[in-house]
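Dear colleague,

Please find below the structure that I am handing over to you, with its sequence. My findings follow directly after it.

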Amino acid sequence: MGKTAFIFPGQGAQYCGMGKDFFESFDAAKKVYATAGEAVGFDVGQLCFTENKDLDITEYTQIAM
């Protein structure tokens with residue numbers, strides 16, 4: 001019997017554009033980003049998909065991940 005492991009990156013493994021393919025391919029992903037943006041008060045997609053220094057700041061990194 002095989003075993004399954006789920007591996008999630010930790011802080012420091014993020015990079016700009018991570019998840020963009022998923023975002024562009026699935027409406028459900030777009031809704032998640034929109035909901036997250038409403039909750040935090042800024043565009044989470046912009047944080048994740050455009051070059052910026054905020055992505056390396058913990059308060060933004062945690063939201064992005």
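In this predicted model, Phe23, Tyr33 and Phe49 are linked by ring pairs into a cluster. The search of the whole structure returned five aromatic pairs. One of them joins phenylalanine 22 and phenylalanine 26, whose rings are tilted, with 5.0 Å from centre to centre and 45 degrees between the planes. Phenylalanine 26 has a relative accessible area of 43% and is therefore partly exposed.

Another pair brings us back to the cluster: tyrosine 33 and phenylalanine 49 are also tilted, at 5.3 Å centre to centre and with 40 degrees between their planes. Because tyrosine 33 belongs to helix H2 (residues 27–40) and phenylalanine 49 to helix H3 (residues 44–49), this pair ties together parts that are 16 residues apart in sequence. Tyrosine 33 and phenylalanine 49 are both buried.

The cysteines may be of interest for your bench work. How many disulfides does a search of the whole structure find? The answer is zero. Cysteine 16 is in no disulfide, and the nearest cysteine sulfur belongs to cysteine 48, 8.3 Å away. A disulfide is a covalent bond between the sulfur atoms of two cysteines. The cut-off for counting one here is 2.5 Å between the sulfur atoms, so the 8.3 Å between the sulfurs of cysteine 48 and cysteine 16 is too far for a bond. As for their surroundings, cysteine 16 is partly exposed, with a relative accessible area of 24%, whereas cysteine 48 is buried, with a value of 5%.

Cysteine 16 also appears in the contacts of threonine 50. Leaving aside residues up to four places away in sequence, threonine 50 touches Cys16 and Gly45. Where does threonine 50 lie? Its place is the loop between H3 and helix H4 (58–64). With a relative accessibility of 36%, threonine 50 counts as partly exposed. The side chain of threonine 50 reaches the backbone oxygen of glutamine 46 at 2.5 Å. Threonine 50 and glycine 17 are separated by 33 residues in sequence, while their C-alpha atoms are 7.0 Å apart in space.

Turning to the protein as a whole, there are four helices and zero strands, and the order of elements from the N terminus on is α-α-α-α. Taken along the principal axes, the C-alpha atoms fill a box of roughly 45 × 25 × 20 Å. The protein has 65 residues, of which buried residues make up 17%. The accessible surface comes to about 5,200 Å², and 56% of that area belongs to carbon and sulfur atoms. Among contacts between residues at least 6 apart in sequence, 47% join residues at least 24 apart.

Finally, a word on confidence. The mean pLDDT of the protein is 89, and 92% of the residues score at least 70. Which elements have the lowest and the highest mean pLDDT? H4 has the lowest, at 87, and H2 has the highest, at 96. Where pLDDT is low, the predicted coordinates should not be read in detail.

With kind regards

How values were computed. Residues numbered from 1 in each chain as written. Predicted model: local features only at pLDDT ≥ 70, side-chain atom pairs only at ≥ 80, totals over all residues. Heavy atoms only, no water. Phe/Tyr/Trp six-rings, centres within 6.5 Å; stacked < 30°, edge-to-face > 60°. Buried < 20%, exposed > 50% of the residue type's maximum accessible area, 1.4 Å probe, protein only. Helix = DSSP H or I, 4+ residues; strand = E, 2+ residues; numbered from the N terminus. Contact = heavy atoms within 4.5 Å. Polar contact = N/O pair within 3.5 Å; in protein donor to acceptor, adjacent residues only side chain to side chain. pLDDT = per-residue confidence, 0-100. Areas by Shrake-Rupley, 256 points an atom, 1.4 Å probe, with all protein chains shown as cover.
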